Amino acid sequence: MVSRVIPVETFDLVIFGGTGDLARRKILPGLFRRFCSGQMPKEARIIGAARSEMDDAGFRELVRDAIHEFDSKRPDDCPELNGFLECLAYVAVDAKGDGGWNELSALMREGTVRAFYLSVAPSLFGDIAERLHTRGLALRDSRIVVEKPFGRDLASARALNETLALHFHEDQIYRIDHYLGKETVQNLMAVRFGNMLFEPLWNSQYIDHIQITVAETVGVGGRGAYYDKSGAMRDMVQNHLMQLLCLIAMEPPSRFEPDSVRDEKLKVIRALEPVDYHHIVRGQYDKTDTQPGYREHAENPRSHTESYIAMKCHISNWRWAGTPFYMRTGKRLRARASEIAIVFKDTPHSIFDEDAGRHRNTLVIHLQPKEGMELGVTIKEPGPGGMRLIDVPLDMTFQEALGPDVEDVPDAYERLIMDVIRGNQTLFMRGDEVEAAWAWTDPIIEGWEARKEVPKLYDSGSSGPEDALMLMHRDGRKWREIK
Ligand code: NAD
């Protein structure tokens with residue numbers, strides 16, 4: 001059973017970079033799915049704005065092809081497609097010059113929600129924001145969406161915030177982190193704050209530790225040149241993993257509304273302790289007989305950029321003192337799996353014999369490939385043979401809970417774009433959050449650079465460097481298997 005779809009009001013959405021990879025893979029197919037579900041009004045207009053010269057018909061062809069390629073769930077002759085394509089228009093715009101801006105301005109309608117999605121390189125954010133403002137395209141209630149990466153350190157993130165603030169108010173800026181748009185991530189908040197069951201146990205008295213894992217099987221491939229300037233810390237930890245950590249660790253906001261939620265997340269980031277470098281393991285995937293290693297992709301045979309990172313963090317506050325948060329992420333690992341595991345403590349005293357076995361409750365939130373939750377509960381193994389304990393998962397996979405309609409659960413981009421149109425910033429990062437995250441990340445990266453630290457090599461298809469296993473073993477704990 002899927003909840004009813006509430007249509008959003010009509011809008012003009014301009015996608016700068018509308019011909020680019022992200023627009024073709026995620027944004028446009030996502031909008032098409034919202035159109036098919038009846039959430040996007042037929043009067044809405046999506047205007048592609050990019051460098052290539054092309055007319056509306058050319059853009060519609062490009063979008064038709066993108067939908068065929070990236071929205072495999074629908075047949076090629078799906079009847080809604082033509083209706084969706086009619087909502088599209090295109091203007092060739094030069095982000096750094098004058099070309100195309102008058103034409104774009106002429107297309108914007110009065111009295112309609114205006115949103116500008118900057119799916120372009122961050123170096124163009126300032127130029128576009130300035131032109132939107134000075135040419136009168138952006139009104140006081142217009143929205144601007146910016147993609148990651150939001151800076152590469154505190155100084156650049158601050159500069160970007162200052163540039164955007166020259167032309168837009170904070171309540172108009174939507175910094176996207178698509179992890180926050182995932183169904184399960186929001187469900188994490190529903191589970192924590194919609195039930196009496198978990199919140200009383202959600203602290204260091206009952207929780208032994210938390211593991212956050214984002215594992216990928218792919219390497220850096222064609223993105224080698226970009227990735228080499230970034231690495232796992234900037235590309236994944238500073239944004240996606242920290243956002244997940246915030247949602248687990250934050251205090252209950254007084255209301256589920258943008259600033260209440262974001263205030264609480266900010267407090268978590270500010271309470272993160274600096275990380276001892278002995279508590280961080282960096283890795284780089286090695287070459288195999290058949291596949292190139294990280295350094296071949298990076299085109300730099302001596303690159304010290306990490307494609308893997310594991311770390312132990314502490315949050316200095318009453319709720320979490322003494323409960324470590326272990327985070328790891330990497331490329332070319334054994335399986336594609338993202339999950340958060342909340343591992344509860346042992347019972348204070350076991351009334352059963354040693355050979356009954358001891359078990360710990362674990363709440364696992366699966367983000368991908370399948371979204372869902374699983375709670376490991378200890379029960380008696382059925383049958384004769386006395387009291388033997390086993391763990392049984394209470395499984396809340398969406399597929400099972402929602403049945404075949406699960407296909408209609410919007411993916412992260414779809415949901416977030418609809419939130420932009422509704423003017424709801426709850427699932428977007430605020431400027432001070434991003435800056436606080438960089439303020440915590442910068443000294444870690446500077447430390448590696450000062451020590452000229454070389455990442456440990458790990459085998460492709462493994463679960464990461466040996467030292468990452470030791471990070472947990474030293475504490476008498478172990479990572480959950482990546483499978
Ligand atoms: P891309 O290189 O495929 O596309 C860039 C787009 O920008 C093109 O449409 C191009 O025409 C347009 N453009 C470039 N210069 C321009 C100019 N001077 N004036 C007007 N338009 C111009 O890039 P992409 O992969 O789609 O990424 C776009 C943004 O999204 C980047 O900031 C990237 O970091 C971010 N992002 C991308 C992905 C992804 O999966 N591709 C994921 C997360 C974030």
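## The ligand and its surroundings

In this predicted model, the ligand is surrounded by 19 residues, and the closest of them are Thr19, Asp21, Leu22, Arg25 and Val120. When the residues of this shell are sorted by character, nine are nonpolar, four are polar and six are charged. The element that gives the most to the shell is helix H1, which spans residues 21-36 and provides three residues.

Several polar atoms of the protein can be placed against particular atoms of the ligand. A nitrogen atom of the ligand lies 2.7 Å from an N or O atom in the side chain of Asp21, whereas an oxygen atom of the ligand is 3.2 Å from a polar atom in the backbone of Gly20. The backbone of Val120 also takes part, with an N or O atom 2.7 Å from an oxygen atom of the ligand. On its own the ligand has 830 Å² of accessible area, and the protein covers 74% of that area.

## The six-stranded sheet

One open sheet is built from six strands with parallel pairing, and reading across it gives the order E3-E2-E1-E4-E5-E6. Strand E3 (88-92) and strand E6 (173-175) stand at its edges, and because each has a single partner strand, one side of each is left without a neighbour in the sheet. Neighbouring strands here are turned against each other by 20° on average, with direction ignored.

The pairing at the E3 edge can be followed in detail, since strand E2 (residues 45-50) runs parallel to E3 and is joined to it by five bridges. Within this pairing, Ala49 has Val91 of E3 as its bridge partner.

## The nine-stranded sheet

A second open sheet contains nine strands, arranged in the order E14-E13-E12-E11-E7-E10-E9-E8-E15, and its pairing is mixed. At its edges are strand E14 (389-397) and strand E15 (456-458), each of which pairs on one side only. From one strand to the next, the twist averages 20°.

An example of antiparallel pairing in this sheet is found between strand E11 (residues 337-344) and strand E12 (residues 362-368), which are connected over six bridges. In this pair, Glu339 stands opposite His366 of E12.

Helix H14, made of residues 431-451, packs on this sheet and touches strand E8 (280-285), strand E9 (308-313) and strand E10 (325-330). The direction of helix H14 makes an angle of about 120° with that of E9.

Methods
Residues are numbered from 1 along each chain as its sequence is written. This is a predicted model: local features need pLDDT of at least 70, side-chain atom pairs count only at pLDDT 80 or more; totals for chains, interfaces and linings use all residues. Side-chain values use heavy atoms; hydrogens and water are left out. Two strands pair if DSSP finds at least two bridges between them. Helices (H or I, at least four residues) and strands (E, at least two) are DSSP runs, numbered from the N terminus. Axes are lines fitted to C-alpha atoms, for helices over the stretch in contact, and angles run from 0 to 180 degrees between N-to-C directions. A residue is near a molecule or strand if one of its heavy atoms lies within 4 Å of it. A polar contact is a pair of N or O atoms within 3.5 Å; within protein, one must be able to donate a hydrogen and the other to accept it, and residues adjacent in sequence count only if both atoms are side-chain atoms. Accessible areas come from the Shrake-Rupley method with a 1.4 Å probe; for residues, only the protein chains shown count as cover. Ala, Val, Leu, Ile, Met, Phe, Trp, Tyr, Cys and Pro count as nonpolar, Asp, Glu, Lys and Arg as charged, and the others, Gly among them, as polar. Contact means heavy atoms within 4.5 Å.
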